[in-house]
Amino acid sequence: MRLFIRLFFKLVRLILTPFMLLSEWLTRPKAIARDAAQQLSVDENCQNLALYQFSACPFCIKVRKEIARLGLNIEKRNAQHNQQYRNELAEAGGKVKVPCLRVSQPGQPVTWLYESADIISYLQRHFDNSTVTAK
Ligand SMILES: N[C@@H](CCC(=O)N[C@@H](CS)C(=O)NCC(=O)O)C(=O)O
């Protein structure tokens with residue numbers, strides 16, 4: 001019975017995934033404009049960040065759309081299919097829950113930020129201004 005339920009949800013996910021990804025693509029916001037120097041500085045700051053995510057997770061989609069709107073080049077790590085990323089999330093982050101933003105500022109301990117709303121607010125605080133660099 002448990003196997004049947006698991007297969008059922010797997011099938012539902014399989015059917016829904018392309019629609020969710022298509023919808024994400026169709027509704028992806030346009031990136032805010034920055035000049036080349038500002039974007040370079042933002043890109044440098046984004047090298048300290050990595051988003052652990054699943055491709056068809058609605059909370060991850062919400063975060064990815066905000067990343068697109070803010071024009072951020074943040075590495076995305078698929079913790080659903082990549083066992084190494086999944087282990088990192090479980091062992092270093094503390095739980096396999098996505099989205100999770102790994103923040104590794106030079107000279108500071110690595111932090112793992114869970115909760116889509118908190119991740120979005122972190123990104124907005126640091127990057128939602130075409131003239132600022134990360135604080
Ligand atoms: N409140 C969380 C919900 C995140 C969530 O439920 N993510 C699901 C995937 S869509 C997950 O990681 N599930 C695995 C688990 O809870 O163990 C957020 O907004 O980020």
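1. Helix α3 is a good place to start: it covers residues 58-69, and its 12 residues reach 17 Å from first C-alpha to last, close to the 16 Å expected at 1.5 Å a residue. That expected span is 1.5 Å times one less than the number of residues in the helix. Please keep in mind that this is a predicted model, in which local features need pLDDT of at least 70, side-chain atom pairs count only at pLDDT 80 or more, and totals for chains, interfaces and linings use all residues. Residues are numbered from 1 along each chain as its sequence is written, and side-chain values use heavy atoms, with hydrogens and water left out.

2. Within α3, the buried residues are C60, I61, V63, R64, E66, I67 and A68. Buried here means under 20% relative accessible area, with a 1.4 Å probe and protein chains only. The cover over them includes α1 (2-27), β1 (49-53), β2 (75-78) and α5 (116-127). Just past the helix, G71 has a positive phi of about 65°.

3. Now for the whole chain, which has 5 helices and 4 strands. Starting at the N terminus, the order is α-α-β-α-β-α-β-β-α. Helices (H or I, at least four residues) and strands (E, at least two) are DSSP runs, numbered from the N terminus.

4. The C-alpha atoms fill a box of roughly 55 × 35 × 20 Å along the principal axes. Of the 135 residues in the chain, 34% are buried.

5. Lastly, a word on contacts (heavy atoms within 4.5 Å). Of those between residues at least 6 apart in sequence, 63% join residues at least 24 apart.

Key: Buried means under 20% relative accessible area, exposed over 50%, partly exposed in between (1.4 Å probe, protein chains only).
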